[in-house]
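Colleague: Could you walk me through how to read the features of this model?
Modeller: Gladly; let us look at it together.

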Amino acid sequence: MIFIGIIKIGINFQVGWESLVRNKFRSILTLLGIVLGIFIVVVSVSLSQSIKDFMISEFKTFSGNTLIFMWHEPWIEKDDGRWVRNPIKDNFWLEDVSEVAERCPSITNATGWQPLDGRQVEFGNKNRNYFIQGCLVASADIFNWEMEYGRIFQQWEMDTSQRVCILGHKVRTDLFGRTNPIGQDVRIGRERFTVIGSLTSKATGLMRMMSGSGMDETVYLPIPTVGTYFMGKSDRWLAIFATAESYEQVDQAQAEIRALWRQKFGSDQYHNMGTSAEAIKFISKNTRIISYVLGGLAAITLIVGGIGTMNIMLVSVSERTQEIGLRKAIGAK
């Protein structure tokens with residue numbers, strides 16, 4: 001019985017193979033529909049997950065998942081939905097950074113961030129337009145700086161508004177090529193600044209979108225130096241970035257900062273706050289939407305491919321109606 005069953009299977013396989021060979025184009029189309037459907041499903045799932053993992057890893061590379069950022073709002077929304085001018089006109093400045101770091105127990109570090117408009121940066125006969133970024137010593141730890149040449153700022157350079165700078169990777173390659181820029185002077189506006197360091201390439205992918213022109217195309221100066229040479233006292237303003245001790249303490253750190261604001265400004269509604277955890281959740285939510293869209297497209301492709309395969313199978317069976325009837329008439333089962 002087993003031998004007979006094997007023979008039947010062999011005969012069925014032979015008949016099927018002959019049918020495939022006889023209708024090569026039809027067989028290829030059927031196979032193509034199945035392969036494409038499976039391929040699109042696999043690619044859709046993999047692509048959506050890869051986008052999510054890439055964006056989250058880029059954000060964590062930039063600052064980790066314990067980052068808290070704060071800024072002054074020129075307009076605030078009242079309970080009735082009206083927008084009014086912020087009664088607190090003073091922007092954040094260095095003393096506010098110090099208070100966040102010193103008076104909030106769950107905060108491990110804090111820094112200021114002061115971006116300026118593009119400025120001409122010159123070295124020799126080369127000059128390009130780059131963004132100027134004011135920062136503090138703690139910026140290196142908070143934003144995971146990696147030095148290509150030289151060193152980061154020192155506190156005495158901050159305290160005395162020294163004319164020193166750190167170059168982003170592209171600024172260094174544009175102005176100095178492959179040479180070490182340490183000790184060289186670059187001109188920004190009318191002032192000369194001594195290069196004390198340059199960063200490895202940092203602004204790729206998501207970081208390029210988040211930082212405008214990209215961190216690689218930025219010249220970093222001490223914030224007091226920026227205030228002395230580029231801004232008046234009335235123009236002083238900072239965004240504050242701080243890191244909590246752990247991801248679990250981010251909410252506690254926010255509560256401590258808001259308590260500080262209420263004590264200092266009378267209310268916590270005059271300033272805004274966000275966290276990297278919220279940004280990561282936002283990224284995850286959007287990539288989930290992307291995965292739903294890709295999944296829907298994959299499902300449509302599978303349905304269309306399935307209908308095409310069923311049509312080809314139906315045509316194949318219909319063409320063999322007479323053959324099947326003749327075989328059954330002479331005893332085939």
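Modeller: What follows goes from the whole chain to strands, cores, a cavity and a few backbone angles.

Colleague: What kind of model is this, and how are residues numbered?
Modeller: It is a predicted model, in which local features need pLDDT of at least 70, side-chain atom pairs count only at pLDDT 80 or more, and totals for chains, interfaces and linings use all residues. Residues are numbered from 1 along each chain as its sequence is written, and side-chain values use heavy atoms, with hydrogens and water left out.

Colleague: How many helices and strands does the protein chain have?
Modeller: Helices (H or I, at least four residues) and strands (E, at least two) are DSSP runs, numbered from the N terminus. Here the protein chain has eleven helices and twelve strands. Contact means heavy atoms within 4.5 Å; of the contacts in the chain with a separation of 6 or more, 73% are between residues 24 or more positions apart.

Colleague: And what share of the residues is buried?
Modeller: Buried means under 20% relative accessible area, exposed over 50%, and partly exposed in between (1.4 Å probe, protein chains only). Of the 333 residues, 37% count as buried. Helix H11 (residues 321-329) is hardly covered, with zero buried residues among its nine, whereas in strand S12 (residues 271-275) four of the five residues are buried.

Colleague: Which strand does S12 pair with?
Modeller: Two strands pair if DSSP finds at least two bridges between them. S12 runs antiparallel to S1, and five bridges join them. His 72, which lies in strand S1 (residues 67-72), stands opposite His 271 in S12.

Colleague: Is His 72 buried or exposed?
Modeller: His 72 is buried, because its relative accessible area is 13%. A polar contact is a pair of N or O atoms within 3.5 Å; within protein, one must be able to donate a hydrogen and the other to accept it, and residues adjacent in sequence count only if both atoms are side-chain atoms. The side chain of His 72 makes one with the side chain of Asn 91, at 3.2 Å. Leaving aside residues up to four places away in sequence, His 72 also touches other residues, including Ile 88, Phe 92 and Tyr 270.

Colleague: Which strands are bridged to S7?
Modeller: Four bridges join S7 to strand S9 (residues 191-199) in parallel, and two join S7 to strand S10 (residues 218-222) in antiparallel fashion. Leu 167 has Ser 198 as its bridge partner in S9, while Ile 166 stands opposite Tyr 220 in S10. Within S7 (residues 164-167), Val 164 and Ile 166 point one way, Cys 165 and Leu 167 the other, and all are buried.

Colleague: What about Val 195 in S9?
Modeller: Val 195 counts as buried because its relative accessible area is 1%. Its C-alpha atom is 6.5 Å from that of Pro 181, 14 residues apart along the chain. Not counting residues up to four places away, Val 195 touches several residues, among them Cys 165, Leu 167 and Phe 176.

Colleague: Which residues have the most contacts inside the largest nonpolar core?
Modeller: A nonpolar core is a set of buried Ala, Val, Leu, Ile, Met, Phe, Trp, Tyr and Cys residues joined through side-chain atoms within 4.5 Å. The largest has 43 residues, and Met 70, Trp 145, Tyr 220 and Ile 257 have the most contacts inside it. Elements giving two or more residues to this core include S1, S7, S9 and helix H9 (250-265). H9 gives the most, with six residues. A second, separate core of 18 residues includes Val 171, Val 186, Ile 188 and Val 226.

Colleague: How many cavities of 30 Å³ or more are there?Modeller: Rolling a probe the size of a water molecule over the atoms shows where empty space is left. On a 1 Å grid over the protein atoms alone, a cavity is a set of points where a 1.4 Å probe fits but cannot get out, and lining residues have an atom within 4 Å of a point. Grid points are joined across faces, edges and corners, and a volume is the space filled by probe spheres set on the points. The structure holds one cavity of 30 Å³ or more, and the largest cavity has a volume of about 40 Å³. Its lining includes Phe 92, Asp 96, Ile 240 and Trp 261, and H9 supplies the largest share, four residues.

Colleague: Where is phi positive in a residue other than glycine?
Modeller: Asn 144 has a phi near 55°, and Ser 161 has one of about 50°. Asn 144 lies in the loop between H4 and strand S6 (147-150) and counts as partly exposed, because its relative accessibility is 31%. Ser 161 lies in the loop between helix H5 (155-159) and S7, and at 17% relative accessibility Ser 161 counts as buried.

How values were computed
1 Å grid on protein atoms, 1.4 Å probe; cavity = no way out; pocket = protein on both sides within 12 Å on 5 of 7 lines; lining within 4 Å.
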